[in-house]
Number of protein chains: 2
Amino acid sequence: MTDRHYGVHGEFRDLLCSKNIKPSYQRLLILEYIMKNKNHPSAEIIFKNISRSVPTLSRTTVYNNLNIFVRKGILSSIKTNKSETRYDIIEIPHAHFYCLQCKRIIDVDLKIPLYRKNSIQGHKIEEVQVQFRGTCRNCFNKKEKKTKNVL
Amino acid sequence: MTDRHYGVHGEFRDLLCSKNIKPSYQRLLILEYIMKNKNHPSAEIIFKNISRSVPTLSRTTVYNNLNIFVRKGILSSIKTNKSETRYDIIEIPHAHFYCLQCKRIIDVDLKIPLYRKNSIQGHKIEEVQVQFRGTCRNCFNKKEKKTKNVL
DNA sequence: GTTTAGATTGTACTTATTACAATATTGTAG
DNA sequence: CTACAATATTGTAATAAGTACAATCTAAAC
Ligand SMILES: [Mn+2]
Ligand SMILES: [Mn+2]
Ligand SMILES: [Zn+2]
Ligand SMILES: [Zn+2]
């Protein structure tokens, strides 16, 4: 909105410009949110959090811009068990662990040659997603404790 | 429905029984469809195809039973770019290629040690999904042809 | 300051899926 | 065989995530 505000987001501003996306106020806020909260948020979570400080924000704006960011290769969209889409910054390739209990998506560093292939069995690869599903460390420990208490 | 019909599906019948699922007429048809059409169908596709011969079939039955099959470990649910869930038999582990053009999900044989791990970084793994996205061989060739014609 | 392209907003709509209650089918015990 | 209980199926209504679209707003170029 103001020049001062834009100044604060210099880094994100440059990223958007480099991808030919006009760095609007809302776009910067959305990008900033994802960059600073690397927890693979959904559109709804992003909307709720930003609209606390910007009550005029529209859900449509969030959806629109997330789609633009994905198309332009800034974000990747992650689908889990549930029906909602979640978002992650595209930077160094990594895998994800989706916890069926707490619904968190946890980064998993995994060095596999897969990420470098640009075609497989004749099909042209644009993106690779490796997703584990199960019970995360936290939830597993909690369950263990409960079991012990019962004994 | 009839004993005769059950007989035809002996193999699928046994599979369901072994998982403690009652082998109802509808369940056998759904399982049979997925087993015989290994093209990762959606609930809607399964519904449309089976209801051609069984017009009384309800969408809810299809959804219910697909969910049961997933919970019991007979099927895995695959999420793509689009919002619909697609289904695959759990047998030998393999990866998938999702074509962004024709929306087909193509099996990719990929021998990676990943499949055998049962935990990663302390998180308990129940399932691994490797999904490539891009343009499949078919669609890529079609595009090539078009480009040639233009020249 | 006007113009104009593009961004945002709010509402209505779509699509996939689930909740739920009524009905139907099955398997079992008398 | 018949009655009963347990489970499955069905149809409708509801939900949830996301998209279409038209009106309004913004910004930056002239
Ligand atoms: Mn991540
Ligand atoms: Mn497959
Ligand atoms: Zn967890
Ligand atoms: Zn294709």
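**Figure 1. Meet Asp88(A), a residue in strand β2 of chain A.** This model is predicted, and our first stop is Asp88(A), which belongs to the strand spanning residues 85–89. Asp88(A) counts as buried because its relative accessibility is 5%, under the 20% cut-off. Although buried, Asp88(A) has no salt bridge: Lys38(A), the nearest side chain of opposite charge, is 7.2 Å away. Its side chain does make polar contacts, one with the side chain of His40(A) at 3.3 Å and one with that of His94(A) at 3.0 Å. His94(A) counts as buried too, because its relative accessibility is 14%.

**Figure 2. Five residues of chain A hold the manganese ion (ligand 1).** Here Asp88(A) appears again, coordinating the ion through OD. Asp107(A) also uses OD, while His40(A), His94(A) and His96(A) each use NE2, and the distances run from 2.1 to 2.3 Å. Along the chain, these donors follow the spacing H-x47-D-x5-H-x1-H-x10-D. Asp88(A) also touches neighbours in this view, among them His96(A) and Asp107(A).

**Figure 3. Chains A and B both meet DNA strand D.** There are 17 residues around this strand, and those that come nearest are Tyr63(A), Thr85(A), Ser24(B), Arg27(B) and Thr61(B). Of the DNA strand D atoms within 4 Å of the protein, 73% belong to sugar and phosphate. Look for the side chain of Tyr63(A), with an N or O atom 3.0 Å from a phosphate oxygen. For Asn67(A), a polar side-chain atom lies 3.1 Å from a phosphate oxygen, and for Thr61(B) the distance from a side-chain N or O atom to a phosphate oxygen is 2.7 Å.

**Figure 4. Helices from both chains line the surface near DNA strand D.** At least two residues each come from α5 of chain A and from α3 and α5 of chain B. The most are given by α5(B), with four residues.

Definitions and conventions:
Residues numbered from 1 in each chain as written. Chains lettered and ligands numbered in written order. Predicted model: local features only at pLDDT ≥ 70, side-chain atom pairs only at ≥ 80, totals over all residues. Heavy atoms only, no water. Buried < 20%, exposed > 50% of the residue type's maximum accessible area, 1.4 Å probe, protein only. Lys, Arg positive; Asp, Glu negative; His and termini not counted. Salt bridge = Lys/Arg side-chain N within 4 Å of Asp/Glu carboxyl O. Polar contact = N/O pair within 3.5 Å; in protein donor to acceptor, adjacent residues only side chain to side chain. Contact = heavy atoms within 4.5 Å. Donors = N, O, S within 2.8 Å, 3.2 Å for Na, K, Ca; no water. Near = heavy atom within 4 Å. Lists of a residue's contacts leave out its neighbours within four places in sequence.
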